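Let's take a friendly walk through this model, starting with a pair of strands and ending with the chain as a whole. Have the structure open as you read.

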Amino acid sequence: VGLERAIFGDESFRGKIRYTVEDAGLVNMKSTASTELLAEQGSSQYSVISPGLVYDTRGDGFLPNKGQRSSLDLEYASGELGSEKEFYGLNLKSAWYFKGLGEGHVLEFLSQAKSYDNLESGQSVPYLYRPYLGGSRSLRAYPYREVGPRGSAGDYIGGNTMMHATLEYSVPTPFKIVRLATFYDVGVVNSDSYEFSTSDYNDDYGFGIRFNIPMLGPIRL
């Protein structure tokens, strides 16, 4: 459940707050899994409050060609809220949009930095909440969650700090509902909280097709 509204008398500035309660965990695990994951076997109750701020100057439309959207979000889970695991995380995102070289061309630059830490000594950030990369919304050439530190058996176990950036250029086609795009992604996942080293980065590049189907909306391939 969440609420969001304009603040400072300006629709570009928005404050928001979200509350999540869930019972989640890792079950039916193979005995050959990494010890770091086996240690988390079972489910836990999470009670998380998430305040945030947004500054958005993009205007309307699913594909803006000007302006930006920047946000800062905090996730906080503690025993006082009823959470069995205690941790917090900070997530900073910024997306910028520019007109390209031709009519209907759009240049997008997206960046993100996220770091989590535990609130109680001896605990670790739960696997399901650790930052990760890989998949269609981050490093698109890599499988989902398969970028970053590995455990004792080679499983990808996530990290406490993630940084990611994407540069994408898209152009229209003679078919109004179809656009073509080329992109470059780069990012890193580090084990420790607030570890912003880029020495172990991964990157990729590729091409995509963007559909804007009436009554259905945008689809990215």
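## Strand pairing

In this predicted model, S3 and strand S4 (residues 68–77) run antiparallel to each other and are joined over seven bridges. If you would like a landmark in that pairing, look for Leu53, whose bridge partner in S4 is Leu72.

Strand S3 (residues 42–56) also pairs with S2, again in the antiparallel sense, this time over 14 bridges. Here a handy landmark is Arg18, which stands opposite Ser50 in S3. As you follow these strands, keep in mind that side chains in a regular strand alternate between the two faces of the sheet.

## Salt bridges

Side chains of opposite charge can pair when their charged atoms come close. How many salt bridges does the structure hold? The count is eleven, and a few of them are worth a visit.

Arg14 and Glu4 form one of these, with their closest N and O atoms 2.9 Å apart. This pair ties together distant parts of the chain: Arg14 belongs to strand S2 (residues 10–26) and Glu4 to strand S1 (residues 2–7), ten residues apart. Glu4 counts as partly exposed, because its relative accessibility is 45% and that class lies between 20% and 50%.

Another salt bridge brings together the side chains of Arg58 and Asp56, at 2.9 Å from N to O. Arg58 has a relative accessible area of 25%, so it is partly exposed.

## A network around Glu168

Glu168 forms a salt bridge with Arg140, and the closest N and O atoms are 2.9 Å apart. The two residues come from distant parts of the chain, with Glu168 in strand S7 and Arg140 in the loop between S6 and S7, 28 residues apart. Are these partners buried or partly exposed? Glu168 is buried, because its relative accessible area is 3%, under the 20% cut-off. Arg140, at 22% relative accessibility, counts as partly exposed.

The pair is also part of a wider arrangement: salt bridges with shared partners join Arg140, Glu168, Asp185, Arg210 and Arg220 into one network.

## Ser138 and its contacts

Where does Ser138 sit? You will find Ser138 in the loop between strand S6 (106–118) and strand S7 (161–172). Ser138 is buried, because its relative accessible area is 9%, under the cut-off of 20%.

Leaving aside residues up to four places away in sequence, Ser138 touches Leu133, His164, Thr166 and Asp185. Asp185 should be familiar by now, as it is one of the members of the salt-bridge network.

## The whole chain

Stepping back, the secondary structure of the protein chain comes to one helix and ten strands. From the N terminus on, the elements follow the order β-β-α-β-β-β-β-β-β-β-β. The C-alpha trace spans about 55 × 45 × 35 Å along its principal axes.

Among the contacts in the protein chain with a separation of 6 or more, 57% are between residues 24 or more positions apart. Of the 221 residues, 37% count as buried. The accessible surface of the protein chain comes to about 13000 Å², and carbon and sulfur atoms account for 57% of that area. As for charge, the protein chain carries 21 positive and 27 negative charges, and the mean positions of the two sets are 9 Å apart.

Key. Residues are numbered from 1 along each chain as its sequence is written. This is a predicted model: local features need pLDDT of at least 70, side-chain atom pairs count only at pLDDT 80 or more; totals for chains, interfaces and linings use all residues. Side-chain values use heavy atoms; hydrogens and water are left out. Helices (H or I, at least four residues) and strands (E, at least two) are DSSP runs, numbered from the N terminus. Buried means under 20% relative accessible area, exposed over 50%, partly exposed in between (1.4 Å probe, protein chains only). Contact means heavy atoms within 4.5 Å. A salt bridge is a side-chain nitrogen of Lys or Arg within 4 Å of a carboxyl oxygen of Asp or Glu. Accessible areas come from the Shrake-Rupley method with a 1.4 Å probe; for residues, only the protein chains shown count as cover. Lys and Arg count as positive and Asp and Glu as negative; His and the chain ends are not counted. The place of a charge is taken as NZ of Lys, CZ of Arg, CG of Asp or CD of Glu. Two strands pair if DSSP finds at least two bridges between them.
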